[in-house]
Amino acid sequence: MFLQTAPAQGSTSNAEAMKHMGFGDLIHNFDALGWIVFITLVVMSFASWYFIIANAIRNAMVRSRAEKVIANFWSTASTQEAIRELEAQPKGEPFSKIALDAASAVAHHQQATAAGGRLAESLSRSEFIDRALRQAVARESLRLEGGMTLLATTGSAAPFIGLLGTVWGIYHALIKISASGNASMEAVAGPVGEALIMTAFGLFVAIPAVLAYNFFSRSNRMTYAQFDEFAHDLHDFFATGSRVEGVAPTQK
């Protein structure tokens, strides 16, 4: 009878031990470093999700307006009308800002030429427009990069931060087990299992950040290509008065 009862008691003890491997038990046993690791992962998770949502909304708006803005610019009857259309675009729309910078560069160079300033002597109209377009494309490209560094950092660092929490938790668990002299399943499973949760938490934070970073990197590369193509056409139009391909509005 005793031989049949002992395994049942052992199973009950193991089952009770497994109940103490939850997230609540992990937080309850945190020390100073454990709290630092946990809070760091929480902050990284909230920050990465903020930029994931913000970048998704921003990229969707840019991609949805890009073709319309470009088509409207080339389809307008005059440059002045095209500029008014560009100025009516939302503040965060990048293609209109690139075109407006090119138009502003043309106007500034014309004023300098009329006044006989040194600007007209040192830089030709084409060079001045080219410089303005390069600066505009670089500025708008940089704006699209917002949050990408944080996503990359989170994706690469979060697993190791979680692993640090796990190693530190197991270390303290082994010290407690050694001090108590109790190496039973009930004494080992809880502390070790709680420590392993930190690794899982680190992966939970890192995986969305890595996927989002790869997605936005590809999306941004496509937008950069559109920036370059549009800037090339703008340079030809404002420098020579005509677009290389397609029909452009007549300058007035």
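Let's start at an opening in the fold: 15 residues line the second largest pocket, and Arg 58, Val 62, Gly 92, Glu 93 and Pro 94 lie nearest its centre. A pocket here is an open set of points on a 1 Å grid over the protein atoms alone, with protein on both sides within 12 Å along at least five of seven lines, and lining residues have an atom within 4 Å of a point. Its volume comes to about 260 Å³, where volume is the space filled by probe spheres set on the points, joined across faces, edges and corners. Two elements, α3 and α7, give two or more residues to this lining, and α3 gives the most, with 7.

Keep in mind that this is a predicted model, in which local features need pLDDT of at least 70, side-chain atom pairs count only at pLDDT 80 or more, and totals for chains, interfaces and linings use all residues. Residues are numbered from 1 along each chain as its sequence is written, and side-chain values use heavy atoms, with hydrogens and water left out.

Stepping back, the protein chain has 9 helices and 0 strands (DSSP runs numbered from the N terminus: H or I of at least four residues for helices, E of at least two for strands). How far can you trust it? The mean pLDDT (the predictor's confidence in each residue, from 0 to 100) is 79, and 73% of the residues score at least 70. Helix α3 (residues 32-75) comes out highest at 90, while helix α1 (residues 2-18) is lowest, with a mean of 48. Residues 1-10 sit below 50 and have 0 contacts in the model beyond near neighbours in sequence; contact means heavy atoms within 4.5 Å. Residues 247-252 also stay under 50, but the model gives that stretch 22 contacts beyond four places in sequence.

Now for the inside. Of the 252 residues in the protein chain, 37% are buried (under 20% relative accessible area with a 1.4 Å probe, protein chains only; exposed is over 50%, and partly exposed is in between). The largest nonpolar core has 28 residues, and Phe 73, Phe 95, Phe 230, Leu 234 and Phe 238 have the most contacts inside it. A core of this kind is a set of buried Ala, Val, Leu, Ile, Met, Phe, Trp, Tyr and Cys residues joined through side-chain atoms within 4.5 Å. At least two of its residues come from each of α3, α4, α5, α7 (125-144) and α9 (185-240). Leu 234 touches Phe 73, Trp 74, Ile 98, Ala 99 and Leu 133, leaving out residues up to four places away in sequence.

Over in α4, Thr 79, Ala 82, Ile 83 and Leu 86 are buried. They line one face of the helix, because their directions fall within an arc of 100 degrees seen down the axis of α4 (taken from the helix axis to the C-beta atoms).

Just past that helix is Gln 89, in the loop between α4 (79-87) and α5 (94-115). Gln 89 counts as buried because its relative accessibility is 19%. Beyond four places in sequence, Gln 89 is in contact with Arg 65, Val 69, Ser 96 and Lys 97. Gln 89 also lines the largest cavity, along with Lys 68, Val 69, Asn 72, Glu 85 and Leu 86; a cavity is a set of points where a 1.4 Å probe fits but cannot get out. This cavity has a volume of about 30 Å³, and α3 supplies the largest share of its lining, 3 residues.
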